[in-house]
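Here are some notes to read alongside the structure, written for someone opening it cold. Keep the view open and follow the points in order.

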Amino acid sequence: MVMAESNEVKALKGKLTVLSGVLRLGHEAFRRRGATALGWHIVNNSRLVVRFDRSALVDMRGGRPRMVAAMGQAESNGNTEYALSLLRLCTFLGSRLSERTLVDETWLNGYEAPESVLEAFRYINSSMKACIVIPLREPESDDPDRLFLWVVEFAQEMPPNVESVIQLLAESYNDALWSSINYRKRLFGGWFQRGKRFR
């Protein structure tokens, strides 16, 4: 009986540790300014609560995907084979994702992905066992172009409950990301408006 209670207490402590980590990461996200700074935070620091093996943030705005940040890279390099494959995959995924999705060949074939997209996915997934893609869309916007994709990959089987933890993180990251982007837009937009009035 004591052993069972001890295991329950350990499980509860583990959940509280993860929850406090999620809250801390979400709070820190709001202190980052700009998509790049927040991108580094998302792809690197999220490993404190989700033990993924690779992660990237892709900016889908403007109709041309751009790598914002990739885990473990000091600078985002969009010209590596991995980056080019990821951008090709994300181009296909962009308009088709409305929520976090476990992407695999079965899912891609269900959407009749062309061979070039399947090849890109196979390259990305060659050393991984699972790939989750999370859309970060501008809140209360109908513009499908206002989108980032957070890609999270696992070399082994995903730990239990990891998708729910990722979802909690994604909600905070989504709000922080668009708050930062729209703050800059309001700031510079207001500056230009003031400049016009001054002239």
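1. Start at valine 58, which stands opposite leucine 149 in E5. That facing pair belongs to a longer run of pairing: E1 and E5 go together in the antiparallel sense, over 6 bridges. Bear in mind throughout that this is a predicted model.

2. E1 has another partner too. Strand E2 (residues 66-70) runs antiparallel to E1, and 4 bridges join them. Here aspartate 59 has arginine 66 in E2 as its bridge partner. The two strands make a hairpin with 6 residues between them, and in the turn glycine 62 has a positive phi of about 80 degrees.

3. Is E1 largely enclosed or open? Enclosed: 5 of its 6 residues are buried, so the rest of the structure largely surrounds this strand.

4. What else holds E1 and E5 together, besides the strand pairing? Look for the salt bridge between arginine 54 and glutamate 153, whose closest N and O atoms are 2.9 Å apart. Arginine 54 sits in strand E1 (residues 54-59) and glutamate 153 in strand E5 (residues 147-154), so this pair ties together parts that are 99 residues apart in sequence. Glutamate 153 has 0% relative accessibility, so it counts as buried.

5. Next, a salt bridge between the side chains of glutamate 163 and arginine 100, at 3.4 Å from N to O. This one also links distant parts of the chain, 63 residues apart: glutamate 163 is in helix H6 (residues 162-198), while arginine 100 is in the loop between helix H3 (81-93) and strand E3 (101-102). Both ends are partly exposed, glutamate 163 with a relative accessible area of 28% and arginine 100 with 29%.

6. A third pair is glutamate 105 with arginine 122, where the closest N and O atoms are 3.0 Å apart. Here the link is between helices: glutamate 105 belongs to helix H4 (residues 105-110) and arginine 122 to helix H5 (residues 115-125), with the two residues 17 apart. Glutamate 105 counts as partly exposed at 29% relative accessibility, and arginine 122 is partly exposed as well, with a relative accessible area of 35%. Back at the hairpin, Asp59, Arg61 and Arg66 are joined into one network by salt bridges that share partners. How many salt bridges are there? The count comes to 8.

7. Now for H3. Does its length agree with expectation, or disagree? The 13 residues should span 18 Å at 1.5 Å a residue, and the end C-alpha atoms are 18 Å apart, so the two agree. The buried residues of H3 are Tyr82, Ala83, Ser85, Leu86, Leu87, Leu89, Cys90, Phe92 and Leu93. As for what covers them, the list includes E1, E2, H4, H5, strand E4 (130-137) and E5.

8. Asparagine 174 is worth a click. This residue lies in helix H6 and is buried, with a relative accessible area of 12%. Which residues does asparagine 174 touch, leaving aside neighbours within four places in sequence? They are Leu136, Arg137 and Pro139.

9. For a contrast, turn to the surface. Leu19, Leu23 and Leu168 form a nonpolar patch there, and together they have about 280 Å² of accessible area. Leucine 19 is in helix H1 (residues 2-29) and counts as partly exposed at 41% relative accessibility.

10. Finally, step back to the whole chain. There are 6 helices and 5 strands, and along the sequence they follow the pattern α-α-β-β-α-β-α-α-β-β-α. Of the 199 residues, 40% count as buried. The accessible surface comes to about 11,600 Å², with 52% of that belonging to carbon and sulfur atoms. Among contacts between residues at least 6 apart in sequence, 64% join residues at least 24 apart. The arginine 54 and glutamate 153 pair, with its 99 residues of separation, is one link between distant parts to keep in view.

Key. Residues numbered from 1 in each chain as written. Predicted model: local features only at pLDDT ≥ 70, side-chain atom pairs only at ≥ 80, totals over all residues. Heavy atoms only, no water. Salt bridge = Lys/Arg side-chain N within 4 Å of Asp/Glu carboxyl O. Buried < 20%, exposed > 50% of the residue type's maximum accessible area, 1.4 Å probe, protein only. Patch = residues over 30% accessible without salt bridge, like charges linked within 9 Å, V, L, I, M, F, W, Y side chains within 5 Å. Areas by Shrake-Rupley, 256 points an atom, 1.4 Å probe, with all protein chains shown as cover. Pairing = 2+ DSSP bridges. Contact = heavy atoms within 4.5 Å. Expected span 1.5 Å × (residues − 1).
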